[in-house]
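Here is a short report on one chain. Keep the sequence and the 3D view open while reading.

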Amino acid sequence: MPRSRINGNFIDQTFSIVANILLRVIPTTSGEKEAFTYYRDGMSAQSEGNYAEALQNYYEAMRLEIDPYDRSYILYNIGLIHTSNGEHTKALEYYFRALERNPFLPQAFNNMAVICHYVGEQAIQQGDSEIAEAWFDQAAEYWKQAIALTPGNYIEAHNWLKITRRFE
């Protein structure tokens, strides 16, 4: 049984009802509907911390989805799972792939910056300040792109850029 039919909480049930109505009203192919169902089930599993199940649903949605914009969000969510699991290299790969299809995802740029900043912090702890600076510089570039797309967001990143004199 699809996850969308077994969700117990009110928000998931409401989202499922609205999504089902939209799928009936908006002209879509059966493949697009099926891809969306897998995507929705992936989001539901992800929100509950069931990452393996979420990934299965996202991979199936990727197999069925043809629209690059929609694929970008699936790839972004796969990146989120890898980030949560501490798999930073994989996460960066999926964020890059999402941005190839949709370069207007500030949240992907932000998450990439957060990973780069984290790796920079790890390099400092290991006593490698040169490597750390390279990671921090990369983080700054990603945060600048996120801020350019959504001015007024990412205030902490904006402040970090100012404090570290990386904001131009």
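Of the 168 residues of the chain in this predicted model, 40% count as buried. The accessible surface comes to about 9,800 Å². Carbon and sulfur atoms hold 55% of that surface. Among contacts with a separation of 6 or more, 48% join residues 24 or more positions apart.

The chain has eight helices and zero strands. Read along the sequence, the pattern is α-α-α-α-α-α-α-α.

**The nonpolar core**

In soluble globular proteins, nonpolar side chains tend to be buried together. Here, the largest nonpolar core has 37 residues. Y58, I74, I78, Y95 and W143 have the most contacts inside this core. At least two core residues come from each of α2 (30–47), α3 (51–64), α4 (68–84), α5 (88–101), α6 (106–125), α7 (129–149) and α8 (155–163). Helix α7 gives the largest share, eight residues. The core also draws on both domains: domain 1 (31–102) and domain 2 (104–167) each supply at least three residues.

I78 is one of the core residues with the most contacts. Leaving out residues up to four places away in sequence, I78 touches L55, Y58, Y59, M62 and Y94.

**Helices α4 and α6**

Do the end-to-end distances of these two helices agree or disagree with 1.5 Å a residue? The table sets out the values.

| Helix | Residues in helix | Expected span | Distance between end C-alpha atoms |
|---|---|---|---|
| α4 | 17 residues | 24 Å | 24 Å |
| α6 | 20 residues | 28 Å | 29 Å |

For α4, the distance agrees with the expected span. For α6, the distance agrees as well.

Start with α4. At its start, a side-chain oxygen of D67 reaches to within 3.2 Å of the backbone nitrogen of Y69. The buried residues of α4 are R71, S72, I74, L75, Y76, N77, I78, G79, I81 and H82. They pack against α2, α3, α5 and α6. Just after α4, G86 takes a positive phi of about 75 degrees.

Now α6. Its buried residues are P106, A108, F109, N110, N111, M112, A113, I115, C116, H117, G120 and A123. Their packing partners are α4, α5, α7 and α8. Just after α6, G127 takes a positive phi of about 80 degrees.

**Two polar side chains**

Is N111 buried or exposed? N111 sits in helix α6. Its relative accessible area is 15%, so N111 is buried, the cut-off being under 20%. The side chains of N111 and Y76 are joined by a polar contact of 3.2 Å. Y76 is one of the buried residues of α4. Not counting residues up to four places away in sequence, N111 touches Y76, L80 and Y95. Of these, Y95 is among the residues with the most contacts inside the largest nonpolar core.

Is S47 buried or exposed? S47 is found in helix α2. Its relative accessibility is 56%, and exposed means over 50%, so S47 counts as exposed. A polar atom of the S47 side chain lies 2.8 Å from the backbone oxygen of S44.

Terms used
Residues are numbered from 1 along each chain as its sequence is written. This is a predicted model: local features need pLDDT of at least 70, side-chain atom pairs count only at pLDDT 80 or more; totals for chains, interfaces and linings use all residues. Side-chain values use heavy atoms; hydrogens and water are left out. A nonpolar core is a set of buried Ala, Val, Leu, Ile, Met, Phe, Trp, Tyr and Cys residues joined through side-chain atoms within 4.5 Å. Buried means under 20% relative accessible area, exposed over 50%, partly exposed in between (1.4 Å probe, protein chains only). Helices (H or I, at least four residues) and strands (E, at least two) are DSSP runs, numbered from the N terminus. Domain bounds come from an automatic or database domain assignment. Contact means heavy atoms within 4.5 Å. A polar contact is a pair of N or O atoms within 3.5 Å; within protein, one must be able to donate a hydrogen and the other to accept it, and residues adjacent in sequence count only if both atoms are side-chain atoms. The expected span of a helix is 1.5 Å times one less than its number of residues. Accessible areas come from the Shrake-Rupley method with a 1.4 Å probe; for residues, only the protein chains shown count as cover.
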